[in-house]
2 protein chains.
Amino acid sequence: MLNHMVERSAHLDAVFHALADPTRRAMLGRLAERELTIGELATPFHMSFAGASKHVRVLENAGLVKRTIRGRSHLCRLEAARLAEADAWLKRYERFWTAKLDRLEALLREEDRAQAKSKSKSKSKSVTE
Amino acid sequence: MLNHMVERSAHLDAVFHALADPTRRAMLGRLAERELTIGELATPFHMSFAGASKHVRVLENAGLVKRTIRGRSHLCRLEAARLAEADAWLKRYERFWTAKLDRLEALLREEDRAQAKSKSKSKSKSVTE
DNA sequence: AAAACGTTAAACCGATTGGTTGACAATTAG
DNA sequence: CTAATTGTCAACCAATCGGTTTAACGTTTT
């Protein structure tokens, strides 16, 4: 049964808060490709070094990033477990949009039948943000 | 030039921000069961009426809730499309946590094989979490 | 030992957040 | 008509946010 109280989950609070900033989402996107130092994470953004460092700290506190100090560099790697938690939370609501998508899909099928002819479609799959 | 680095998605910003608060997540949880007025949404939380109203406003601005004014009551209903957007964003990282589960599974299979070689024919595969 | 590097800490800033109160408008009930 | 109900708005508050600058720290290089 659903909880009538405020569903407290500090994890989810921190994860969703961390994801609510485009800079941090972009950082995660880059960490999805390879491990990066704080400096490497900072450079793409026109932002002070310390500013980027604070963003990384937020990601770290949310458990989305883990840090390994090697010499004077801090290597960051993506930690996806907490993303899985957020995903699990969203799953609870999946039926609401799939129902809608089903209806949309039916509608598009109808259109396709009427339109008869259409062409090409490309698909990019890079994680850029 | 500024937007080259950080791909802006105001939608995601707003949705993740809205989800980063336990009161708002609880409100969505109740709206998943039935449509509710602002007052009904407010009562479970020991919070002023205006306070709850502001939370609903945040959910509304994120596109997660839609309001229908009927007389003096404001009926709120869940709008899941934006949740689907958040889910789609997370999906791009799915391989990271599924990959980990895959590796764990492979490891367990390996263990099983080693055990079978060394000794008996026990075939337990309980992965309880 | 000194200089350069990678990063954090501290102090500060304006904007936003989550929350309150009190006044107000509109609808409904007695 | 007058009450009460339902909700908003504006003002205010302390806390946090995203960002800066400057200083400091430990590590490597020279």
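1. Let's start with how chain A is connected within itself. This is a predicted model. Among contacts in chain A between residues at least 6 apart in sequence, 56% join residues at least 24 apart. Chain A is built from six helices and three strands, and along the sequence they come in the pattern α-α-β-α-α-β-β-α-α. Of the 129 residues in chain A, 38% are buried.

2. Now look at where the two protein chains meet. Chain A brings 44 residues to the contact and chain B brings 40 residues. Together the chains bury about 3700 Å², with 65% of that area on carbon and sulfur atoms. Three residues are worth finding in your viewer: B:R25, B:Y93 and B:W97 supply 17% of the area that chain B buries against chain A, more than any other three residues.

3. Charged and polar pairs also cross this interface. There are four salt bridges between chain B and chain A. One you can pick out joins the side chains of B:D87 and A:K91, with 4.0 Å from N to O. The interface also has four residue pairs in polar contact, counting pairs with both residues at pLDDT 80 or more.

4. Which elements give two or more residues to the side of chain B that touches chain A? They are helix 1 (2-5), helix 2 (10-19), helix 3 (22-31), helix 6 (81-91) and helix 7 (94-118) of chain B. Helix 6 of chain B gives the most, with seven residues. Sorted by class, this side of chain B has 23 nonpolar, four polar and 13 charged residues.

5. Helix 2 of chain B deserves a closer look. Its buried residues are B:L12, B:D13, B:V15, B:F16, B:A18 and B:L19. In an α-helix, residues three or four places apart point the same way, because there are 3.6 residues a turn. Both chains help to cover the buried residues of helix 2 of chain B: the cover includes helix 1 (10-19), helix 2 (22-31) and helix 5 (81-91) of chain A, along with helix 3, helix 5 and helix 6 of chain B.

6. Next comes DNA strand C. It has 22 residues around it, and A:G39, A:S53, A:R67, B:K54 and B:H55 come nearest. Of the atoms of DNA strand C that come within 4 Å of the protein, 71% belong to sugar and phosphate. For some phosphate contacts, try B:R24, which has a polar side-chain atom 2.7 Å from a phosphate oxygen of this strand. A polar backbone atom of A:H74 lies 2.8 Å from a phosphate oxygen of DNA strand C, and for a polar backbone atom of A:I38 the distance is 3.3 Å. The surface near DNA strand C takes at least two residues each from helix 3 (38-42), helix 4 (49-61) and strand 3 (73-78) of chain A, and from helix 5 (49-61) of chain B.

7. Finally, turn to DNA strand D. Which of the 22 residues around DNA strand D come nearest? They are A:K54, A:H55, B:G39, B:S53 and B:R67. Sugar and phosphate make up 70% of the DNA strand D atoms within 4 Å of the protein. A polar side-chain atom of A:R24 sits 2.8 Å from a phosphate oxygen of DNA strand D, while a polar backbone atom of B:I38 is 3.3 Å from a phosphate oxygen of that strand. The surface near DNA strand D has five nonpolar, 10 polar and seven charged residues.

Key: Residues are numbered from 1 along each chain as its sequence is written. Chains are lettered from A and ligands numbered from 1 in the order in which they are written. Side-chain values use heavy atoms; hydrogens and water are left out. Contact means heavy atoms within 4.5 Å. Buried area is the accessible area (1.4 Å probe) that two parts lose on being put together, summed over both. A polar contact is a pair of N or O atoms within 3.5 Å; within protein, one must be able to donate a hydrogen and the other to accept it, and residues adjacent in sequence count only if both atoms are side-chain atoms. Helices (H or I, at least four residues) and strands (E, at least two) are DSSP runs, numbered from the N terminus. Ala, Val, Leu, Ile, Met, Phe, Trp, Tyr, Cys and Pro count as nonpolar, Asp, Glu, Lys and Arg as charged, and the others, Gly among them, as polar. A residue is near a molecule or strand if one of its heavy atoms lies within 4 Å of it. Buried means under 20% relative accessible area, exposed over 50%, partly exposed in between (1.4 Å probe, protein chains only).
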